[in-house]
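Reader: Hi! I'm in my first year and would love a close look at one part of this protein. Could you take me through the sheet and the helices that pack around it?

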Amino acid sequence: MPRHATYLPYGVIPAVVLPFDNELAIDEAAFRKHLRDVAATDGITAITVNAHSTEVASCSFDEQRRVLAIAHNENGEGVPLVNGVWADGSIQAAHIARMAAAGSAAALLVFPPGPFTLGQSPEMALAHFKRIADATDLPIIVFQYPLATGQGYPNDTLLRLCEEVPTIHAIKDWAGNVAQHEWHVRTLQSLPRPVNVLSTHSAWLLSSLVLGCNGLLSGSGSVIPDLQADLFRAVQGNDLAQARRIADRIHPLAEVFYADPWADMHNRMKEALVLLGRLPRAVVRPPLVKLGTADIAGIRAALIESGLLDARAGRDAA
């Protein structure tokens with residue numbers, strides 16, 4: 001039976017970064033090592049590729065297919081793979097969904113179409129997701145953006161999506177609003193066909209998980225998948241004291257990763273991985289640019305404060 005036939009998005013799902021060489025090509029050897037490092041973490045339930053963290057907006061369709069192929073080749077039948085669907089048009093989104101199914105993905109993470117920043121109707125959102133669902137039976141994770149962006153789905157629209165598209169099994173919740181986030185948790189996870197809420201509120205992860213999320217899907221899992229797994233386990237076990245201790249270690253990294261501008265969050269994570277000796281270099285594709293020495297020093301300080309890096313050790317970011 002194919003992996004995706006029984007996979008339901010739940011638990012701790014790190015979104016990995018995508019290393020590039022100095023010519024801005026995909027560094028396959030570094031990517032393979034990064035995948036192995038993250039996949040070896042006890043307590044994760046899947047890995048996400050072709051998402052924000054892999055700078056998917058700067059990757060061609062062929063590169064996205066190659067990223068998934070590398071991940072599948074490296075992972076085999078191990079940890080399930082969630083493949084992002086980043087497209088402004090529904091036809092292209094369905095094309096990516098078919099590619100993901102052919103490439104042995106276990107689920108899809110569907111980003112909202114860019115044109116929705118100009119306004120959307122429930123019919124538009126339904127048409128988009130139904131076209132993707134018609135292309136493949138892979139489980140779908142709806143990426144819920146903040147409503148202020150225009151790309152987030154209002155409550156009524158989100159309920160219709162969950163009711164009318166049966167392959168929707170989870171949302172990646174980036175609502176950025178505590179009351180709305182709690183509504184998602186209480187409402188979607190209590191539907192006749194429950195839809196899991198996967199938090200991506202990594203800047204306030206403990207608070208988010210305590211609301212009752214059934215998982216988390218985050219790019220910072222590329223750096224701290226073990227701490228995220230430990231935190232989720234502690235919250236699920238109602239061990240609030242242990243959860244607070246772990247959250248205290250995560251806090252300095254959350255502050256530095258999710259500082260303004262947010263577009264640099266995964267840029268900063270690459271620099272952290274270099275400082276930890278897990279990546280050879282921290283190259284990003286334009287329009288992102290190399291971080292300055294002061295920013296890198298701040299990342300190093302956060303790694304030391306979190307207990308991940310010895311103050312006397314660590315590599316310089318490159």
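Author: Happily; here is a walk through the sheet, then two helices, with a short look at the whole protein at the end.

Some ground rules come first. This is a predicted model, in which local features need pLDDT of at least 70 and side-chain atom pairs count only at pLDDT 80 or more, while totals for chains, interfaces and linings use all residues. Residues are numbered from 1 along each chain as its sequence is written, and side-chain values use heavy atoms, with hydrogens and water left out.

The protein has 11 helices and 8 strands. Helices (H or I, at least four residues) and strands (E, at least two) are DSSP runs, numbered from the N terminus. The 8 strands make an open sheet with parallel pairing, in the order E1-E8-E7-E6-E5-E4-E3-E2. Strands E1 (11–14) and E2 (47–49) each have a single partner strand, so they stand at the edges, with one side of each lacking a neighbour in the sheet. From one strand to the next, the twist averages 25°; angles run from 0 to 180 degrees between N-to-C directions, and the axes are lines fitted to C-alpha atoms, for helices over the stretch in contact.

What holds such strands together? Strands of a sheet pair through backbone hydrogen bonds, either parallel or antiparallel. Two strands count as paired if DSSP finds at least two bridges between them. For example, strand E4 (residues 107–110) and strand E5 (residues 140–144) pair in the parallel sense over 3 bridges, and Leu 109 has Ile 141 in E5 as its bridge partner.

Now look at Thr 48, which lies in the edge strand E2. Thr 48 is buried, with a relative accessible area of 0%; buried means under 20%, exposed over 50% and partly exposed in between (1.4 Å probe, protein chains only). Not counting residues up to four places away in sequence, Thr 48 touches several residues, among them Ile 13, Val 82, Leu 109 and Leu 217. Contact means heavy atoms within 4.5 Å.

Helix H2 (residues 61–75) lies across E2 and strand E3 (81–85), running at about 175° to E3. The 15 residues of H2 should span 21 Å at 1.5 Å a residue, and its end C-alpha atoms are indeed 21 Å apart; the expected span is 1.5 Å times one less than the number of residues. Its buried residues include Phe 61, Val 67, Leu 68 and Ile 70, and they are covered by elements including helix H1 (28–39), E2, E3 and H3. Just after H2, Gly 76 takes a positive phi of about 60°.

Helix H4 (residues 122–135) is our second helix. Ala 125, Leu 126, His 128, Phe 129 and Ile 132 are buried in H4. Seen down the axis, these buried residues fall within an arc of 160°, so they line one face of the helix; the arc is that of the directions from the helix axis to the C-beta atoms. They pack against helix H3 (90–102), E4, E5, helix H5 (155–164) and strand E6 (168–173). In H5 you can find Leu 161, which is buried with a relative accessible area of 0%. Its contacts, leaving aside neighbours within four places in sequence, include Ala 125, Leu 126 and Phe 129.

Finally, step back to the whole protein. Buried residues make up 54% of its 318 residues, and its C-alpha trace spans about 55 × 45 × 40 Å along the principal axes.
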